[in-house]
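Reader: Before accepting any label attached to this model, I should like to see each one tested against its criterion. May we proceed term by term?

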Amino acid sequence: MTSSSEPIDVLTLADADATRDLGIRLGRSLPAGTVLLLEGDLGSGKTTLTQGIGAGLGIKDSIESPTFTLINEYLDGRVPLYHFDLYRLERSQTATLHPDLYWEGIEVEPGIVAIEWAERLLYKPEAYLKLRLTYQTTGRQAELSAIGQSAQQILTALK
């Protein structure tokens, strides 16, 4: 059973560059095995944040939203990045992707798992960071929460 979430300070992100910069910070500091569940409206910055994570990991490939491929794997960074996009799936269909194989590191090297439209997941890992992006009059707002003890330790280290 997971413990409750504790949001980090709510961050105001002035623009796409600030969203990408947050991603770079996360990519430089998150350990392998971290699961990021990304939520927010269309165009709120989920892919921009993931591009920043890739840059922070040192990934040289262009990171695009895997809307049609559903999962993109980037293996050339500090740790692998597994980027899911569930936008085109119904909640009941997300289990067929077997995201647990990625976050448990069963058949792939442990890395960072970033899942866009994570609210569509049928099930979630025991521990994860949830990042909700929303539009504000001053740009975007990001609220980062930790679910589970290991995620809370990661969140504490980020502060």
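Author: Helices (H or I, at least four residues) and strands (E, at least two) are DSSP runs, numbered from the N terminus. The model is predicted: local features need pLDDT of at least 70 and side-chain atom pairs count only at pLDDT 80 or more, while totals for chains, interfaces and linings use all residues. Residues are numbered from 1 along each chain as its sequence is written, and side-chain values use heavy atoms, with hydrogens and water left out.

Reader: What follows directly after helix H2, in terms of phi?

Author: Gly58, just after H2, takes a positive phi of about 85 degrees. Most residues other than glycine have a negative phi. Two residues that are not glycine also have a positive value: His98, at about 55 degrees, and Trp117, at about 60 degrees.

Reader: Which accessibility class does each of these two receive, and why?

Author: Buried means under 20% relative accessible area, exposed over 50%, and partly exposed in between (1.4 Å probe, protein chains only). His98, in the loop between E5 and helix H3 (99-103), has 42% and is therefore partly exposed. Trp117, in the loop between E6 and E7, has 10% and therefore counts as buried.

Reader: Why is Lys124 called partly exposed?

Author: Its relative accessible area is 38%, so Lys124 falls in the intermediate class. Lys124 is likewise found in the loop between E6 and E7. With contact meaning heavy atoms within 4.5 Å, Lys124 touches Leu37, Trp103 and Ala118, leaving aside its neighbours within four places in sequence.

Reader: How do you know that the span of H1 agrees with expectation?

Author: The expected span of a helix is 1.5 Å times one less than its number of residues. For the 14 residues of H1 this gives 20 Å, and the end C-alpha atoms are 20 Å apart, so the two agree. Helix H2 (residues 46-57), with twelve residues, reaches 17 Å, close to the 16 Å expected.

Reader: What makes H2 "mostly covered"?

Author: Ten of its twelve residues are buried, including Leu49, Ile53 and Leu57. The buried residues of H2 pack against helix H1 (16-29) and strands E3 (35-40), E5 (81-85), E6 (112-116) and E7 (128-136).

Reader: Why may E7 be called paired with E3 and with E8?

Author: Two strands pair if DSSP finds at least two bridges between them. Five bridges join E3 to E7, which run parallel, and nine join E7 to strand E8 (residues 139-147), which run antiparallel; both pairs therefore satisfy the criterion. One bridge matches Leu38 with Leu131 in E7, and another matches Leu133 with Ala142 in E8. A hairpin through two residues joins E7 to E8.

Reader: How do you know that Arg140 has no salt bridge?

Author: A salt bridge is a side-chain nitrogen of Lys or Arg within 4 Å of a carboxyl oxygen of Asp or Glu. The nearest side chain of opposite charge to buried Arg140 is Asp15, 7.0 Å away, so the condition is not met. Here Lys and Arg count as positive and Asp and Glu as negative, while His and the chain ends are not counted.

Reader: What polar contact does the side chain of Arg140 make?

Author: A polar contact is a pair of N or O atoms within 3.5 Å; within protein, one must be able to donate a hydrogen and the other to accept it, and residues adjacent in sequence count only if both atoms are side-chain atoms. The side chain of Arg140, in strand E8, makes such a contact with the side chain of Thr19 at 3.1 Å. Thr19 is among the buried residues of H1.
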